[in-house]
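Visitor: I would like to learn how to read a structure of this kind, feature by feature. Could you take me through one, giving the general idea and then the case at hand?

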Amino acid sequence: MSNWECGVCGYIHKEASPPEKCPVCEAPEKMFVEKTEEQDGQVEEKATPEVEKNWRCSVSGYVHKGTEPPEKCPVCDASAEMFEEVTGEVAGPAEDVGRRWRCNVCGYVHSGDDPPEKCPVCAAPKEMFVEIDADGKALGEPEREEVETVNDSPLEKKIEKKSSVFDMFSGLVVKHHLHPITVHFPNGVLPVVLVFLCLGTYFNIAALEVAAYYNLIFVLIMLPVVMLTGFIEWQKRYKGIKTAIFITKIICSIVVIASANVLVFWRVIDPAVASESSPAQLIYLGIAAVMLGAAGIAGHLGGTLVFGPRG
């Protein structure tokens, strides 16, 4: 019988082998260290022998050999949690499975002698693919030469300053994922708007129709922020490429903001537009349904861009 100490919380397990997970903090088996008792009663730490394992990235398929998975995949930058231990024989590391090509727009990784004619995720053309090595670095990229320029004109300095401020702001938007953060607010409220409108008109409950109206005002306030961060994300992360998936997202966003404006200002002009006596009640509800549908399509395409390269 051996003593196994959890390296996270210090729990001692007395068995021939460590548990699959700590019953106290649920740390995995690999976090346990074997302890042996000396004659004076003190416990001496006995580290378990480190055995190299094969870890495969569940996103790009890259295979890493080592006692632990890497902090991030060198091919697709997936975190250590995305690696899974592979038992038995594996094809070998990523460099042994053929040439690899990465889409410069969405990050999709393609294995083969040549890149695909177009990206299966974002539909970027073949020219947007770059060959990568085992570490995920692009091959054949020329080194950038640093050119020292001096702008003497006050106008040029002013333009350069504005450009640098915008680039800094854009970098923060992309780095901190402000577009998916901001888009969750109106997307979460839009279904509530349609549900409240339908319940309010069907059961003739004025309070629900009023609640839907005020929720629409919140959506209308948030949409310019959503569109600004979305535009920056498209330009910076996805190179501003004009493929079907991005054009569709842009059209859907225009439909959403146009529908929200119509619903809010129509309600301002005619407060009874959604009431049972209004002849335009069904049209008003139809516009709300179109708005929600367009938001749903845009969200689905956004999810495709984020999770498509992992599949």
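**A loop and its partners**

Guide: Pro 74 sits in the loop that runs between β6 (63-66) and β7 (83-86). Please keep in mind throughout that this is a predicted model.

Visitor: Which residues is Pro 74 in contact with, once its neighbours within four places in sequence are left aside?

Guide: With those neighbours set aside, Pro 74 is in contact with Tyr 62, Ala 134, Asp 135 and Gly 136. Pro 74 and Asp 133 are 59 residues apart in sequence, while their C-alpha atoms are 9.1 Å apart in space.

Visitor: How does that fit into the chain as a whole, and how many helices and strands are there?

Guide: The chain has 5 helices and 10 strands. Of the contacts between residues at least 6 apart in sequence, 50% join residues at least 24 apart. Buried residues account for 35% of the 311 residues in the chain, and the chain exposes about 19,200 Å², of which carbon and sulfur atoms supply 58%.

**The nonpolar cores**

Visitor: When I look at the largest nonpolar core, which residues touch the most other members?

Guide: A nonpolar core is a set of buried residues of certain kinds joined through side-chain atoms within 4.5 Å. In this structure the largest one has 27 residues, and Leu 197, Leu 216, Val 256, Tyr 284 and Met 291 touch the most other members. Two or more residues come from each of α2 (178-202), α3 (206-236), α4 (244-269) and α5 (281-307), and α5 gives the most, with 7 residues.

Visitor: What is Tyr 284 in contact with, beyond its neighbours within four places in sequence?

Guide: Beyond those neighbours, Tyr 284 is in contact with Leu 197, Leu 216, Leu 263, Trp 266, Arg 267, Val 273 and Ala 274. Apart from this core lies another, of 17 residues, and among them are Trp 101, Tyr 238, Leu 301 and Leu 305.

**One helix in detail**

Visitor: How should I check the length of a helix such as α4, and what span should its 26 residues have?

Guide: The check takes 1.5 Å a residue, which for the 26 residues of α4 gives an expected span of 38 Å; the end C-alpha atoms of α4 are 37 Å apart, which agrees.

Visitor: Which residues of α4 are buried, and against which helices do the buried residues pack?

Guide: Buried here means under 20% relative accessible area. The buried residues of α4 are Ile 245, Phe 246, Cys 252, Val 256, Ile 257, Ser 259, Ala 260, Leu 263, Val 264 and Arg 267, and the buried residues of this helix pack against α2, α3 and α5.

**Charged pairs**

Visitor: Arg 267 is a charged residue in that list of buried ones; what does Arg 267 form a salt bridge with?

Guide: Side chains of opposite charge can pair when their charged atoms come close. Arg 267 forms a salt bridge with Glu 209, the closest N and O atoms being 2.6 Å apart. Glu 209 lies in helix α3 and Arg 267 in helix α4, so the pair ties together parts that are 58 residues apart in sequence. Both Glu 209 and Arg 267 are buried.

Visitor: How many salt bridges does the structure hold?

Guide: The structure holds 5 salt bridges. One of them joins the side chains of Glu 117 and Lys 126, at 3.9 Å from N to O; Glu 117 is exposed, with a relative accessible area of 62%, whereas Lys 126 is partly exposed at 31%. Arg 237 and Glu 233 also meet through their side chains in a salt bridge, at 2.6 Å from N to O, and there Arg 237 is partly exposed at 29%, while Glu 233 is buried at 9%.

**Surface and backbone**

Visitor: Which residues form the nonpolar patch on the surface?

Guide: The patch is formed by Val 195, Leu 199, Tyr 202, Phe 203 and Ile 205, which together have about 520 Å² of accessible area. Leu 199, found in helix α2, counts as partly exposed at 35% relative accessibility.

Visitor: Where is Asn 204 found, and what is its phi value?

Guide: Asn 204 is found in the loop between α2 and α3, and its phi is near 55°, a positive value in a residue other than glycine. At 54% relative accessibility, Asn 204 counts as exposed. Lys 239, in the loop between α3 and α4, has a positive phi of about 60° although it is not a glycine, and Lys 239 counts as partly exposed at 47%.

Technical notes. Residues numbered from 1 in each chain as written. Predicted model: local features only at pLDDT ≥ 70, side-chain atom pairs only at ≥ 80, totals over all residues. Heavy atoms only, no water. Buried < 20%, exposed > 50% of the residue type's maximum accessible area, 1.4 Å probe, protein only. Helix = DSSP H or I, 4+ residues; strand = E, 2+ residues; numbered from the N terminus. Contact = heavy atoms within 4.5 Å. Expected span 1.5 Å × (residues − 1). Patch = residues over 30% accessible without salt bridge, like charges linked within 9 Å, V, L, I, M, F, W, Y side chains within 5 Å. Areas by Shrake-Rupley, 256 points an atom, 1.4 Å probe, with all protein chains shown as cover. Salt bridge = Lys/Arg side-chain N within 4 Å of Asp/Glu carboxyl O.
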